[in-house]
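Colleague: I'd like a close look at one part of this model, a helix and whatever packs against it. Could you walk me through it in one go?

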Amino acid sequence: MSGGAIMGSRWRVEHAEEARHREVMASLGVCDAEWALCKVLEASDVKPGQNRLLLTKGMVRDGPIPRLFPELEELDDDGLNAQHTVPVTLLDAEGREKEVSLCFLNSNKAYRIKGPEWRRFVEDSGMCKGDRLDLYACRRGGDGERCLFSFTSKGGGASGGSARCTNGPNRTRQPAAADAVRDHKKRAKSRRAERQGHMGYVMDEACIGGFQGDYGCCKAAEGTREDKAPTRSWKDYATKKEREAAKGHLMLKYAILAEYYY
């Protein structure tokens, strides 16, 4: 099943979890609760500019939502759905309450929970793409107010829980890959600063256009000359050992400059 998949009654919540849900709803004064559906949230469901939750007709049909809101199934004279919009209170386990609208659209044959309060509900509850949403149709209070009750399982979708949150101002979860990249950059910056602190070299103005004849072509950042060779060239050294030492020192300076300045 692909990410953002929509799931119907065959994905019914487990009995133990449903029992816990019912305890929570009963403690908040909700009664006659029936599990309606679940959905793995898609990006469009939690995107700030969308302000809606899309539910396919197949998910809602033959479930408790049409029974609780029969006007959603009413038809016009042309035989098409009348597309009534029904106000409904959306609740969750944290005691949040949002006034949203529930409707059916003939254009895509799907139901929608919509309105700016849906966006606020997403932000306040921290819902993200890939989370599993379970909806219950229920009533509340002495007058039997019709409600929908939401339970969200973080990363509980078919993707195995790997989805991360990136939407909205309250999002704190970041992609694992981004964490790794950020840590790598931080470590690299620290190592680079440590190396530069040890080396502290800048190019000598006398090196512009080529290296000096001797191997002392670097100076410390403080401006003091260090390891300055004698004024004679390394070619003038009398012994082979001295010539090899001068060559090695010069090659080391080449490598340092190549790493830090090119």
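Modeller: One term before we start: aromatic rings count as a pair if their centres lie within 6.5 Å. Keep in mind that this is a predicted model.

Let's take helix α1, residues 15–27. The protein chain it belongs to has seven helices and ten strands, and buried residues make up 37% of its 262 residues. A quick check on the geometry of α1: with 13 residues at 1.5 Å a residue, the helix should span 18 Å, and its end C-alpha atoms are indeed 18 Å apart, so the two agree.

Now, which residues of α1 are buried? They are Glu18, His21, Val24 and Met25. Looking down the axis of α1, you'd see these buried residues fall within an arc of 120°, so they line one face of the helix. The general background is that an α-helix has 3.6 residues a turn, so residues three or four places apart point the same way. Turn to the face of α1 that points away from the buried side, and you meet the exposed residues His15, Ala16, Glu23 and Ser27.

What covers the buried residues of α1? The cover includes three strands: β2 (30–40), β7 (132–140) and β8 (145–153). Between the helix and the next stretch, glycine 29 follows α1, with a positive phi near 80°.

In strand β2 you'll find cysteine 31. With a relative accessible area of 34%, cysteine 31 is partly exposed, because that value sits between the 20% and 50% cut-offs. Setting aside neighbours within four places in sequence, cysteine 31 is in contact with Cys138 and Arg139. Cysteine 31 and cysteine 138 are 107 residues apart in sequence, yet their C-alpha atoms are 6.0 Å apart in space. Over the whole protein chain, 57% of the contacts with a separation of 6 or more are between residues 24 or more positions apart.

The other two covering strands bring us to the aromatics. There are four aromatic pairs by the ring-centre rule. In one of them, tyrosine 136 and phenylalanine 151 have ring centres 5.7 Å apart and planes at 80°, so the pair is edge-to-face. This pair links distant parts of the chain, with tyrosine 136 in strand β7 and phenylalanine 151 in strand β8, 15 residues apart. Tyrosine 136 and phenylalanine 151 are both buried. Add Phe149, and you have one aromatic cluster of Tyr136, Phe149 and Phe151.

Methods:
Residues numbered from 1 in each chain as written. Predicted model: local features only at pLDDT ≥ 70, side-chain atom pairs only at ≥ 80, totals over all residues. Heavy atoms only, no water. Helix = DSSP H or I, 4+ residues; strand = E, 2+ residues; numbered from the N terminus. Expected span 1.5 Å × (residues − 1). Buried < 20%, exposed > 50% of the residue type's maximum accessible area, 1.4 Å probe, protein only. Arc of directions from axis to C-beta. Contact = heavy atoms within 4.5 Å. Phe/Tyr/Trp six-rings, centres within 6.5 Å; stacked < 30°, edge-to-face > 60°.
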